[in-house]
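Here is a short briefing to read with the model open beside you. It goes through a few features that are easy to find on screen.

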Amino acid sequence: MATGGRLVAGSHNRNEFVLINADEIGRIKSVRELSGQICQICGDHVEITVDGEPFVACNECAFPVCRPCYEYERREGNQACPQCKTRYKRIKGSPRVEGDEEEDDIDDLEHEFDFRNLEVLGPQAVGNFLSPHHNIPHGGSPNSSEIHVHLDNNSSCPPEIPLLAYDEEDVEISSSQRALFIPFMGKGNGSYTPSFTDHTLSPQPRSMVPEKDISVYGYGSVAWKERMEEWRRRQSDKLEVLKNHGGNGCGDSEGQPDDADMPMMDEGRQPLSRKLPISSSKISPYRLIIILRLVILGFFFHYRLLHPVNRAFGLWLTSVICEIWFAVSWILDQFPKWYPIERETYLDRLSLRYEKEGKPSELADIDIFVSTVDPMKEPPLITANTVLSILAVDYPVEKVACYVSDDGAAMLTFEALSETSEFAKKWVPFCKKFNIEPRAPEWYFSQKIDYLKHKVHPAFVKERREMKREYEEFKVRINALVAKAQKVPEEGWTMPDGTPWPGNNVRDHPGMIQVFLGRDGVCDVEGNELPHLVYVSREKRPGFDHHKKAGAMNALVRVSAVISNAPYLLNVDCDHYVNNSKAIREAMCFMMDPNSGKKVCYVQFPQRFDGIDRHDRYSNRNVVFFDINMKGLDGLQGPIYVGTGCVFRRQALYGYDAPVRKKTPGKTCNCWPKWFCICCGSRRIKKGKSKDRRRKIKHREGSKQIHALETIEEGNEGINSETSTHVKLEKKFGRSPVFVASTLLENGGLPRDASSAALLKEAIQVISCGYEDKTEWGKEVGWIYGSVTEDILTGFKMHCHGWRSVYCMPKRPAFKGSAPINLSDRLHQVLRWALGSVEIFLSKHCPIWYGYGGGLKWLERFSYINSVVYPWTSIPLIVYCTLPAICLLTGEFIVPEISNYASIVFLALFMSIAATGILEMQWGGVGIDDWWRNEQFWVIGGVSSHFFALFQGLLKVLAGVDTNFTVTSKGGGDDGGFYELYAFKWTSLLIPPTTLLIINIVGVVVGVSNAINNGYDSWGPLFGRLFFALWVIVHLYPFLKGLLGKQDRMPTIVLVWSILLASILTLLWARINPFVSREGPVLEICGLKCD
């Protein structure tokens, strides 16, 4: 249609088009001409609809806007046209937004202005259709010029549209530029002829929107142009970033995204992660089996309680008590896995949002903590590999700072770290140049690479060989330091300048800080900046409680706050290297997400291990816990903190409450009847309000310091307020003004006028051994004291403050470490974990009675209760594992003669247990070998480490007898890398499981012998007892293999002690056998007279 360059507009309510004249400079072309034109917001092409018509976003002024910009403006913008300021109406296919009008008629704009479809109605219908809508009088001037528009389906030209005029005139617009309404009428030949009257005539004008000024349609209003330019600039930046990060690197600007509703330039606005619920085909049967298992347990205990064994009442009662405890323990472990989820991150969106080409990176700073104690048990080479993998992470170098805590004040660790900093100047640029994985040199060079198969570039092969040679020389220097440290001089160690090493006395030495990398002028071999590398050894003096690892971590929190003060922290053990260089970016997808990141206190990564035997004899990988239990917790309030591989929000460590999100008014109980809300809802609303009020009060207390300091800075309070606020801050955080000021900076940062010397002096102060006195460190701030497993306690306190955590499982494991594959070391590790749980159970922080009224969810509380109660299961487990041997030796059993009903109940219980395990393996992605090894070691650890931890914890808490902290060895050996697997190390933890093995094996031998002697009828009752005993022996089989080792024989000392203990128990049982009558044996009367 010929509009002469005039603006084409439309009104959805009136079902009509409007042509508005405009000058050639500011005019907007017609809808017909929009095809192939540019969107005035993003610069993209305005697409064509399925009907071949250009997309029209605004029906008032037809301002050229593409579909993605229209969707974004409705979703996140002003929901109005940039030119005429008219609110956008919803077009078919677009999601509804708040404020959309309800449409009673069809929701379809495709045929709204399609006059061609009216041909089937005939000419009279056309006139009837147009007249009532447009008030068009029939008839026309015979002198008027006529334009015939044929309503022919074969015609490709659209019909001419009548013109409309405005009622109000604008003085700046000439009469020739006014839009006039032209009446027309239908003709009988299938066409209609609009009659154009002269502009000097005075027709009846009618305004589309009388209250609007004509200037808002583009006649002089240029406000939208500024916004258009700003949008165009921003999205151009995002497009450039996307080009550089594209898969082919071509930067084709003509390429269109696969999904029209999510264009490439809009990718940076999308969420940085999403939840992936387990499919209903897997999770629904799993939940059904859990409910069914509960029902079967009810029938099982109903049978057990109503059918006692009178001849062996003691055995029956003991077994029932143990079974009830096992059922409660299963409930605590099972129901936190009710809502398992997985997560997916979008690293490309993170880059689009926070990394723009030509601008500094907006990614948040992060401080990384590495803790070590004894360099003899934690080899410096392993610590060096961990540090090197951290320095080479794929993250802006100016935003990374690595702090190494040497809690043993060993000069060996200091010298090894110095060598590591020198080697890092070569290793870091090599990693980033060739983008290698992993970036720990020991594990990288141990990989076997086929250069011909993978078509590796010759330049890379050459540099890799040179770097490997450099690393071998680095290892020689580290090993020389280790060999030299084996013999300590009598006068102690001295530094190169002759100064005595300050840490010669491990229990009495000053605090030490050394900045190896990150200083001005310290760069790598290519002249690039390197991340910060800081050595820290906190002060130790006699008479102070240093709180082991938790105290060392809190010292690092304070030091890092003074030196770099990043808003996020990552802590790893010295043997856990960065296996995925993008691990920090993975965590930032959750932490920096503008929608859900504010409530995340930490992101926990699963632990993965190297150097474990293929069969994983002692369940070192702990796959069931990390791939099943932790996924279940992630669907609740988040996983528990496991001590390493965790990214923290610094503000959460400072003891602040999580931000409270206000619910929208629309989210009310609309689904319930009003009478129900009136009757039952009032009390619930009151309770909810009172609970929210308590939370808000608590939140105000937690963040009172922030508001108080803001008040001080604004000058709204006097000297008294400043003094009281300063006292409160000191009571919570200590007497360092620099550190206290840093705690109030949510996004991190340092004072601009602070010098490096002043900051280091302040850092020495915050690691002094008396700094934490009369503060809340270890109570409400930082890592929490009171347990050797400070990780569980710290995460529990955060969840009680309303925070939530996230479980991140990238396809390539984020971190990998070493695990103790030796049986004794593994048992000692489990002993330490169980001891920490016992300490928490006997403290005020026990989740059974602590944290009510806070933000901890009920199923999350179940998980924490299970994590501190499980050591107590060792007592019923040991008793239950002893019962089979007693039954075989005495000929009694814990159940009466089994009936058909009992057989069905027992069979259903065993099948439900197996089905639960199978379905867990299915949705958790765990193999049956890993699941079975976990079941076996649960019994082995339960009857050994958990039992000893229970008594050690009781002695420590009740009698004050402290136990030494044992550092797990993290070294390797010879013999194919599994020398430690077969090495035997004596420990008292081996005695209980060995004793159970011997007495059950003896019981099987005795039971079979009695059955052979007593005949055929005795074999039936024997099968139940044999099954019971074999269940114990099969679960303890890995322990038996560990005792035999490689020489296929049991160590003499273990054999002697176990036989002695088994003999004592057997004799004691024979002496106090409860199944023999106290009045002597009952003699049957044979009928013979012996007189």
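**Salt bridges, a sheet and a surface patch**

Lys956 counts as partly exposed, because its relative accessibility is 22%, which lies between the 20% limit for buried and the 50% limit for exposed. Please keep in mind that this is a predicted model. The side chain of Lys956 meets that of Glu839 in a salt bridge, at 2.5 Å from N to O, and this pair is a good place to start the tour.

**Salt bridges**

- The structure holds 32 salt bridges. As a general point, side chains of opposite charge can pair when their charged atoms come close.
- Where do the two partners Lys956 and Glu839 sit? Lys956 belongs to helix α26 (residues 945-959) and Glu839 to helix α21 (residues 823-841), so the bridge links distant parts of the chain, 117 residues apart.
- Glu839 counts as buried, because its relative accessibility is 4%, and the limit for buried is under 20%.
- Salt bridges that share partners also join Glu355, Asp394, Lys582 and Arg585 into one network.
- Glu892 and Arg311 form another salt bridge, with their closest N and O atoms 3.3 Å apart. This pair links distant parts of the chain, with the two positions 581 residues apart: Glu892 lies in the loop between α23 (874-890) and α24 (900-924), and Arg311 in the loop between α4 and α5 (313-334).
- Is each partner of this bridge buried or exposed? Glu892 is buried, with a relative accessible area of 12%, whereas Arg311 is exposed, at 66%.
- Arg608 pairs with Asp627 in a salt bridge whose closest N and O atoms are 2.8 Å apart. Here, too, distant parts of the chain are linked: Arg608 is in strand β16 (residues 608-610) and Asp627 in helix α13, 19 residues apart.
- Both Arg608 and Asp627 are buried.

**The eight-stranded sheet**

- Eight strands make up an open sheet with mixed pairing, in the order β11-β12-β10-β9-β13-β17-β15-β18.
- Why do β11 and β18 each have one side without a neighbour in the sheet? Strands β11 (512-517) and β18 (804-807) stand at the edges, and each has a single partner strand, so one side of each is left without a neighbour there.
- From one strand to the next, the twist averages 20°.
- At the β18 edge, strand β15 (residues 600-604) runs parallel to β18 and is joined to it by four bridges. Within this pairing, Tyr602 stands opposite Ser805 in β18.
- Helix α8 (residues 411-434) packs on the sheet, where it touches β9 (366-372), β10 (400-406), β11 and β12 (532-537). The direction of α8 makes about 15° with that of β11.
- Helix α13 (residues 623-634) also packs on the sheet, touching β15 and β18, and its direction makes about 145° with that of β18. This is the helix that carries Asp627, the salt-bridge partner of Arg608.

**A nonpolar patch on the surface**

- Ile291, Val295, Phe299 and Tyr901 form a nonpolar patch on the surface, and together they have about 360 Å² of accessible area.
- Which helix gives the most to the nonpolar patch? Helix α4 (residues 280-306) does, with three residues.
- Ile291 is found in helix α4. Ile291 is partly exposed, with a relative accessible area of 40%.

Note on methods: Residues are numbered from 1 along each chain as its sequence is written. This is a predicted model: local features need pLDDT of at least 70, side-chain atom pairs count only at pLDDT 80 or more; totals for chains, interfaces and linings use all residues. Side-chain values use heavy atoms; hydrogens and water are left out. Two strands pair if DSSP finds at least two bridges between them. Axes are lines fitted to C-alpha atoms, for helices over the stretch in contact, and angles run from 0 to 180 degrees between N-to-C directions. Contact means heavy atoms within 4.5 Å. Patches are made of residues with over 30% relative accessible area and no salt bridge: like charges are joined within 9 Å, nonpolar side chains (Val, Leu, Ile, Met, Phe, Trp, Tyr) within 5 Å. Accessible areas come from the Shrake-Rupley method with a 1.4 Å probe; for residues, only the protein chains shown count as cover. A salt bridge is a side-chain nitrogen of Lys or Arg within 4 Å of a carboxyl oxygen of Asp or Glu. Buried means under 20% relative accessible area, exposed over 50%, partly exposed in between (1.4 Å probe, protein chains only).
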